[in-house]
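Me: Please take a close look at one helix pair in this model, and then set it beside the wider picture of how the chains meet.

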Amino acid sequence: MSRSIIKNWSTHWVDLLSFLVLSSLIVASATAFYLARDYGDGSPSGGNVFPQLACGIACITAAISLANRLWVLFRRSGVAGKLESVSWTPLIVASSTLGFLILLPIIGYPILAPLWMLATLWLFGMRSPWILASVSIGLSAIAWILLSRLAFAPPPAGLIEQFL
Amino acid sequence: MEALNIVHGMSTVLSDPVTLVFIFLGVFAGVFVGALPGLTATTGCALLLPFTFGHEPLQGILMLVGVFCGGIYGGSLSAILLRTPGTPAAAATMIDGFPMSERGEAGRAIGLATVASFFGGTVGALIMTLLAPKLAIIGLAFGPPEFFSLTLFGLAMIVAVSSDSLLLGVLAASIGMWITTIGFDPIAGSSRYTFGVRNLLGGLELIPILVGLFGVTQVFLRAEKLLVFPKAAKGETFIPKWTDIVMTRWTALKSSIIGVFVGSVPGAGCDIAAFAAYSELKRSEGPNSDLGSGNPKGVVAPEAANNAATSGALIPMLSLGVPGDAVTAVLLGALTIHGFEPGPVFFTSNLDLIYAIFAGVILAQLALLMIGLSLTGVFARLIRIDQRVMIPAILFLCMMGSYSVRYSIFDMFVALLFGCVGYLFEKTRIPLSPLLLGVVLGTLSEQNLRRSLIISNGDLLIFLQRPISLLLIVGASAAVSIMLLRTKSAK
């Protein structure tokens, strides 16, 4: 009983995600199509032609795909696709990466990069303190040396900039 | 006559052992850079370009050619082992290479990819040597309508091979093409979809998009479930079996020929060559083939084609001064820095150098074969690294690789964004390859569509009135029709 509920929930999660992604694509491409009006010069070869062509095709194909999936769902002739596992880990990894990128110019790479790597390794299940420390510090240091010594473009040092 | 020219070119290269060392170093660096997710042959060439300044032009150019050949091959290693192609050219290899790796045949896949790359690159260089002058003339016949039709052809091919759903393939390709319209209008110079954001003025860089779609997406997918490689190539021989080579010989030859001709068309590059060869393989294998689930021919076809295309891509660069892709654009810059002006005059006045370059390409393939087969064990060991370390390290490399393009945190955001997009598309079964090809071809497609419309005063019939353009459009239509018929018959 409980397994069937989980299966159904997973299925609906995938269907809901499909619905959301395709709906977002319809809205985004329709908006981009509308905005592209302003890029034209009235000629058949204006700056609006290609974006409108691409967005128009995207909008139509997304709408038909959405209708197809809804049709399959309503007919109940089968689920829209195979069952997918549901996990929050990708969202947490993406959020931590987003946080890393936002804080990078403020806190700085030398402090933040090893911490972010440590957190990511932890999220992926690594628990060995030696590996956590060596990989997070080692990788960050190698990248820092390569970027600062070879490319002369180190990532922002942030809080410790005055000490470097 | 051409045979004598290549012998003469070979003797020029072999007469100086330092040139051989440069070729070997170039290939080694190329394979290394190409195998690392987020770094491409273009990055490798760009990084090594300053190193070539103080040396003989031939040495420097052949080193970069070595990086080019090695990088294209190296991209396939990460595609097979990690499902993260280093270059768009390796995306087609991933389709069958990764399933082989998953079922414990990574060594077999890499061995076949190595031999196919060597074979394709060598055949490509030989064909180029024989046909270079004639192909340069065909390249001259390409105008805006032909270029636009060529991009349509490339997109139709990828849509036909990469998805079970034509609609979703077209959807992904059109989104990719739309992405390229962000930034400056390539003809009028006005800005589009920038919303006052300064970083968007120059458009989105290809490498962060590529890294996001294929690298970061893979990290997110593996965050759900870490892959396990139970039969990780331990004790497996990496030299391909003779039976495998015999089985794939015609595929390799046909794909090499496709690769060299597609690669010789300016703007086409190794990626279209690989997908065109894969598409042809899919067509010839029929609807009941197991392509996409780890068929060795699916590894051989794109690898032979994309390495043959490295030779082909040199033709428009040398004869017309038009780079076939981003790597040849860097090579073009290298030639200019060394005091040469690629173009029709260069092709006739520097024949010795041209044939020495082609001889160097053949020797680079030999170096690639040696490095590939001897270091396959090292690369195959990559998959034995604990996935709990490997995947976060890939994410880190993806972010740093994106940063290194323009030393911009904005590009890291772009990689993350496209990683999220790729993850959502994977979940909703929207294919990523057409999206990527749309991004690669979008600008070329728009420029040539608009130039064609300017030439014809807005008359779309121009695309049907020119034989090469018509042929390409018929080819694109045929690919889509076959895909539709197959889908219908499968139902």
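Reply: In this predicted model, H8(B) and H19(B) are oblique to each other, because an angle counts as oblique when it is neither under 35 degrees, nor over 145, nor from 65 to 115, and here helix H8 (residues 166-179) of chain B and helix H19 (residues 433-455) of chain B pack at about 45°, their axes being 7 Å apart. The crossing that H8(B) and H19(B) make is right-handed. On the H8(B) side, the residues that take part are Gly169(B), Ala172(B), Ala173(B), Ser174(B), Ile175(B), Gly176(B), Met177(B) and Ile179(B), and they meet Pro434(B), Leu435(B), Leu436(B), Leu437(B), Gly438(B), Val439(B), Gly442(B) and Ser445(B) of H19(B). By class, the residues of this contact comprise 10 nonpolar and six polar, with no charged residue among them.

Turning from the helix pair to the contact between the chains, chain A contributes 49 residues and chain B contributes 46 residues. At least two residues of the side of chain A that touches chain B come from each of helix H1 (2-35), helix H2 (49-75), helix H3 (89-107), helix H4 (109-123) and helix H5 (129-150) of chain A, and H2(A) gives the most, with 11 residues. That side of chain A has 35 nonpolar, 12 polar and two charged residues.

Within helix H5 of chain A lies Ser134(A), which counts as exposed because it has 12 C-beta neighbours inside 10 Å. Between the C-alpha atoms of Ser134(A) and Ile106(A), which are 28 residues apart along the chain, the separation is 25 Å.

Conventions: Residues numbered from 1 in each chain as written. Chains lettered and ligands numbered in written order. Predicted model: local features only at pLDDT ≥ 70, side-chain atom pairs only at ≥ 80, totals over all residues. Contact = placed C-beta atoms within 7 Å. Helix = DSSP H or I, 4+ residues; strand = E, 2+ residues; numbered from the N terminus. Nonpolar A, V, L, I, M, F, W, Y, C, P; charged D, E, K, R; others polar. Buried ≥ 20, exposed ≤ 12 C-beta atoms within 10 Å, placed from the backbone. Axes fitted to C-alpha atoms, helices over the stretch in contact; angles between N-to-C directions. Left-handed = near helix turned anticlockwise from the far one by under 90°.
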